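Visitor: Hi! I have a structure open on my screen and would love some company while I look through it. Could you walk me round?

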Amino acid sequence: MSEPVIIAVDGPAASGKGTLARRLAAHFDYAYLDTGSLYRALAYDVLRRGEAPENASAGLRAAKALDLAMLNDPDILAALRTDAVGTAASLVAAQPDTRAAILQIQRDIADTPPDDKAGAVLDGRDIGTIVCPQAAHKIFVTARAEIRAERRWQELHQHDPQVSLEDVLADLKARDQRDSERATAPMRAAQDAHLLDTSDLSIEEAFAAALALVSH
Ligand code: CDP
């Protein structure tokens, strides 16, 4: 069998990378992995046990115990999407040993996509740089912070009417800064990544642009 085709989609919070990655995977019939959900799952576990997300040994314990099956449960998936879990995920994700513990899980899915798929689309922060530097296609998705905050607010507001746009914007900026300044696997566009700014694009337009980038 030929090597699976890997598409790496990285970018900051609410840039639209998840939607694009999912659409690309469906279009090519490739496997899809939202690597952020792995860090969110660790954070959720750490918080549920009353431990501090800054505590590196708590993150590492959660990584060693990670059960991917939990990501098939719609209730857990919904619980992972809160702003609090996103912030805790970025604290857990800054810990080198915790990142190392889940690196292989991500590479295994890229190297051997489930269901014999011919390729895999992974989205995250370090897919093009660290997890799959050999990816055939790399896209770094961006959008202006205010636009990303508005998108995330729309998403969070459906479940929590109390959430304010100002708080979402502040959390998103703090998370971007932590993700891009951490020492291990910081969020960064790979040198050979295509940049895609979705600020002024509809989902359809962004998808068409992404498709054009991976089709040559
Ligand atoms: O959906 P959103 O873009 O808000 O975040 P996410 O992709 O679910 O990721 C949550 C957090 O996990 C990020 O803020 C990062 O700190 C971390 N993460 C990471 O460090 N590396 C990845 N490959 C994916 C996520």
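Guide: Happy to; we can go through the sheet, a helix, some loops and a few side chains, keeping in mind that this is a predicted model.

Visitor: Great, let's start with the sheet. What is the strand order, and how do the strands pair?

Guide: The order is 2-3-1-4-5 in an open sheet of five strands, and the pairing is parallel.

Visitor: Which strands stand at the edges?

Guide: Strand 2 (31-34) and strand 5 (194-197) do. Each has a single partner strand, so one side of each is left without a neighbour in the sheet.

Visitor: And how many degrees are neighbouring strands turned against each other?

Guide: On average 20 degrees, with direction ignored.

Visitor: Let's walk across it. What joins strand 2 to strand 3?

Guide: Four bridges join strand 2 to strand 3, which covers residues 119-124, and the two run parallel. Ala 31, for instance, has Ala 120 in strand 3 as its bridge partner.

Visitor: What about strand 1 and strand 3, how many bridges there?

Guide: Six, again with the strands running parallel. Here Ile 6 has Ala 120 of strand 3 as its bridge partner, so Ala 120 is a handy residue to click on: Ala 31 is also paired with Ala 120.

Visitor: Nice. And on to strand 4?

Guide: Strand 1 and strand 4 (residues 137-142) run parallel and are joined by four bridges. Ile 7 is partnered with His 137, and Val 9 stands opposite Ile 139.

Visitor: How many bridges take us from strand 4 to strand 5?

Guide: Four, and those two strands run parallel. One of the partnerships to look for is Thr 142 with Asp 197 in strand 5.

Visitor: Are strands 1 and 4 mostly covered or mostly open?

Guide: Strand 1 (residues 5-10) is mostly covered, with five of its six residues buried. Strand 4 is mostly covered too, and five of its six residues are buried.

Visitor: Switching to helices. What is going on in helix 6, and where is the kink centred?

Guide: The kink in helix 6 is about 30 degrees and is centred on Ile 102.

Visitor: What end-to-end span should that helix have?

Guide: Helix 6 has 16 residues (96-111), and at 1.5 Å a residue they should span 22 Å. The end C-alpha atoms are 22 Å apart, which agrees.

Visitor: Which of its residues are buried?

Guide: Thr 98, Arg 99, Ile 102, Leu 103, Gln 106, Ile 109 and Ala 110. As background, an α-helix has 3.6 residues a turn, so residues three or four places apart point the same way.

Visitor: Loops next. Which residues other than glycine have a positive phi?

Guide: Ala 14 is one of them, with phi near 60 degrees. Asp 115 also has phi near 60 degrees.

Visitor: Where is each one, and is it buried or exposed?

Guide: Ala 14 is in the loop between strand 1 and helix 1 (17-28). Its relative accessibility is 11%, so Ala 14 counts as buried. Asp 115 is in the loop between helix 6 and strand 3, and at 69% relative accessibility Asp 115 counts as exposed.

Visitor: Now side chains. How many aromatic pairs are there?

Guide: The count comes to one aromatic pair. The partners are Phe 28 and Tyr 30: their ring centres are 5.3 Å apart and their planes are at 20 degrees, so the pair is stacked.

Visitor: How accessible are those two?

Guide: Phe 28 counts as partly exposed, at 28% relative accessibility. Tyr 30 is buried, with a relative accessible area of 15%.

Visitor: Which residue lies over the face of Phe 207?

Guide: Arg 23 does, at 4.3 Å from the ring centre. Phe 207 itself lies in helix 10 (residues 203-214) and counts as buried, with 10% relative accessibility.

Visitor: How far is Phe 207 from Asp 197, our strand 5 residue?

Guide: They are ten residues apart in sequence and 12 Å apart in space, C-alpha to C-alpha.

Visitor: Last one: where is Asp 45, and is it buried or exposed?

Guide: Asp 45 lies in helix 2 (residues 35-48). It is buried, with a relative accessible area of 11%.

Conventions:
Residues numbered from 1 in each chain as written. Predicted model: local features only at pLDDT ≥ 70, side-chain atom pairs only at ≥ 80, totals over all residues. Heavy atoms only, no water. Phe/Tyr/Trp six-rings, centres within 6.5 Å; stacked < 30°, edge-to-face > 60°. Buried < 20%, exposed > 50% of the residue type's maximum accessible area, 1.4 Å probe, protein only. Lys NZ or Arg CZ within 6 Å of the ring centre and 35° of its normal. Expected span 1.5 Å × (residues − 1). Bend = angle between axes of the 7 residues up to and from the residue. Pairing = 2+ DSSP bridges. Axes fitted to C-alpha atoms, helices over the stretch in contact; angles between N-to-C directions.
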